[in-house]
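Reader: I'm new to this structure and would like a close look at one part of it. Could you pick out the helix in the middle of the story and walk me through what surrounds it?

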Amino acid sequence: MNTMTYDDVHVNFTWEEWALLNPSQKSLYKDVMLETYKNLTAIGYNWEDHYIEEEFQSSRSDGR
């Protein structure tokens with residue numbers, strides 16, 4: 001069985017790309033990534049790289 005990683009489901013926009021998205025696209029991205037994070041956690045995904053959680057929290061706090 002292949003292992004899924006966070007990078008398999010994460011889309012990382014550059015600041016320039018993020019600026020081109022309209023508010024509904026940004027909201028959809030946030031909702032999808034939060035749901036993905038919750039779903040992976042619910043099935044026991046081990047977040048060994050704590051930087052991922054910090055990056056997620058940072059992106060939420062700065063609007064990205």
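Author: Here is a walk along helix α3, with the ring cluster that involves one of its residues.

Keep in mind that this is a predicted model. The chain has four helices and zero strands, so to speak a plain α-α-α-α when you read along the sequence. Of its 64 residues, 22% count as buried. Contacts between residues 24 or more positions apart make up 54% of those in the chain with a separation of 6 or more.

Now for α3 itself. This helix covers residues 23–42. It has 20 residues, and the distance from its first C-alpha to its last is 28 Å, close to the 28 Å expected at 1.5 Å a residue.

Which residues of α3 are buried? They are Tyr-29, Met-33, Thr-36, Tyr-37 and Leu-40. Look down the axis of α3 and these buried residues fall within an arc of 100°, so they line one face of the helix. Swing round to the other side of α3 and you find Pro-23, Ser-24, Leu-28, Glu-35, Lys-38 and Ala-42, which are exposed. Just after the helix comes Gly-44, with a positive phi of about 95°.

Let's stay with Tyr-29 for a moment. Why does Tyr-29 count as buried? Because its relative accessibility is 17%, and the cut-off for buried is under 20%.

The structure holds three aromatic pairs. In one of them, Phe-13 and Trp-18 are tilted, with 5.8 Å centre to centre and 50° between the planes. Phe-13 also pairs with Tyr-29: their ring centres are 5.2 Å apart and their planes sit at 70°, so this pair is edge-to-face. That pair links distant parts of the chain, since Phe-13 lies in the loop between α1 (6–9) and α2 (15–20) while Tyr-29 belongs to α3, 16 residues apart. Put together, ring pairs join Phe-13, Trp-18 and Tyr-29 into a cluster. Trp-18 counts as buried too, because its relative accessibility is 5%.

A last word on confidence. The chain has a mean pLDDT of 77, and 66% of its residues reach 70 or more. Confidence is highest in α2, at a mean of 95, and lowest in helix α4 (residues 50–61), at 57.

Conventions:
Residues are numbered from 1 along each chain as its sequence is written. This is a predicted model: local features need pLDDT of at least 70, side-chain atom pairs count only at pLDDT 80 or more; totals for chains, interfaces and linings use all residues. Side-chain values use heavy atoms; hydrogens and water are left out. Helices (H or I, at least four residues) and strands (E, at least two) are DSSP runs, numbered from the N terminus. Buried means under 20% relative accessible area, exposed over 50%, partly exposed in between (1.4 Å probe, protein chains only). Contact means heavy atoms within 4.5 Å. Rings of Phe, Tyr and Trp (its six-membered ring) pair if their centres lie within 6.5 Å; planes under 30 degrees apart count as stacked, over 60 as edge-to-face and the rest as tilted. pLDDT is the predictor's confidence in each residue, from 0 to 100. The expected span of a helix is 1.5 Å times one less than its number of residues. The arc is that of the directions from the helix axis to the C-beta atoms.
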